[in-house]
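I opened this notebook to record what I looked up about the ligand site and the pockets. The entries follow in the order in which I made them.

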Amino acid sequence: MADSVLYQVSDGLATITINRPGAMNALDIEAKVALRDTLEEASSDPSVRAVLLTATGRAFCVGQDLKEHIGLLETARENGSGTLMNTVREHYNPIIRALTTMPKPVVAGVNGVAAGAGLGFVLAADHRVVADSATFTTAFSGIALTADSGISWTLPRLVGQSRAADLLLFPRSFSAQEAQEWGIANEVVPAGELAERATAVARKLAEGPTLAYAAIKESLAHASGHSLAETLLKEEELQARAGASEDHAIAVAAFLAKERPVYRGR
Ligand code: T3D
């Protein structure tokens, strides 16, 4: 595993840490491959029941590494090749698919600035704990690019179409407090408490009813693109699956016994 992404699994919680602090966690090719592969590993590992995505240093992730990118642009121009944009297909899209479709919750622990694709990762998580010193920017149009990393889907769903267009057309920095007001940050905590709080939230989810959480993710994603009639059918299917889980039986028995359920993730 490359050092640019750290991976640790402990008691069902996988902590994935973007680790290029000297580059503000900008994503070069090695980091993108490592992040994609690590997320896919966490997704398919049944012993992992929740994921915490965070980063080292003063930034969360400033998106594409533009210092590497300038060289790739020059090479592409010299070759007359269009291979540069393959990074969306090969890296960013699989990363966002892994975050949004993995059958377990993902918490983003946003320790600092999130820009471009870095903002996309934050928005693709299921829950966002944000340091009060963190800032955000879409960044893309500032370098004459359009939105990627799912932002044209996630951002308007969180903040509304009008504000999403504003933030994409005029990519200013916005604060943790604004992110909370607009529904992006689930909670804002003092920067010094970010790691502890984000880990506590992710650990609580890792100890929860994993199959029910997976069904909730699936139903929300499905409902956002379907009618009420179709949604009711999907809910019927997913509730049957959750209702047949071992954890559902454990929860009901614990409720009636006035005890705290101990879930097994099955
Ligand atoms: O084909 C494709 O690749 C498409 C894929 C696109 C995905 C994307 O993510 S596109 C968006 C790329 N990201 C950006 O455009 C963000 C650029 N950065 C900024 O706007 C600002 O740096 C921030 C708002 C993020 C932070 O501002 P601030 O004032 O806190 O820091 P700074 O002074 O601007 O930057 C500090 C250093 O980080 C500086 O390096 P230096 O001068 O100390 O050597 C700066 O160049 C570097 N840095 C910041 N962002 C990037 C970066 N280096 C490489 N890549 C970056 N993205």
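I took a polar contact to be a pair of N or O atoms within 3.5 Å; within protein, one must be able to donate a hydrogen and the other to accept it, and residues adjacent in sequence count only if both atoms are side-chain atoms. The model is predicted, and local features need pLDDT of at least 70, side-chain atom pairs count only at pLDDT 80 or more, while totals for chains, interfaces and linings use all residues. Residues are numbered from 1 along each chain as its sequence is written, and side-chain values use heavy atoms, with hydrogens and water left out.

Entry on the ligand. I looked up the polar contacts and found a polar side-chain atom of Arg-58 at 3.4 Å from a ligand oxygen, a polar side-chain atom of Lys-67 at 2.9 Å from an oxygen of the ligand, and a polar backbone atom of Ala-117 at 2.9 Å from a ligand oxygen. Taken alone, the ligand exposes 1,100 Å², and the protein buries 66% of that (Shrake-Rupley method, 1.4 Å probe). I then listed the 22 residues that surround the ligand, the closest being Val-62, Gln-64, Leu-66, Lys-67 and Ala-117 (a heavy atom within 4 Å). Helix α2 gives the most to this shell, with three residues (helices are DSSP runs of H or I with at least four residues, strands are runs of E with at least two).

Entry on the largest pocket. I used a 1 Å grid over the protein atoms alone and a 1.4 Å probe, a pocket being an open set of points with protein on both sides within 12 Å along at least five of seven lines, and lining residues having an atom within 4 Å of a point. The largest pocket has a volume of about 730 Å³, and of its 25 lining residues the closest to its centre are Thr-100, Ala-124, Ala-125, Asp-126 and Trp-153. Because domain 1 (5–206) and domain 2 (210–257) both give residues to its lining, the largest pocket lies between them.

Entry on the second largest pocket. Its volume is about 440 Å³, and I noted 25 lining residues, with Val-62, Gly-63, Gln-64, Leu-66 and Ile-143 nearest the centre. The elements that give two or more residues to the lining of this second largest pocket are α2 and α3.

Terms used: Grid points are joined across faces, edges and corners, and a volume is the space filled by probe spheres set on the points. Domain bounds come from an automatic or database domain assignment.
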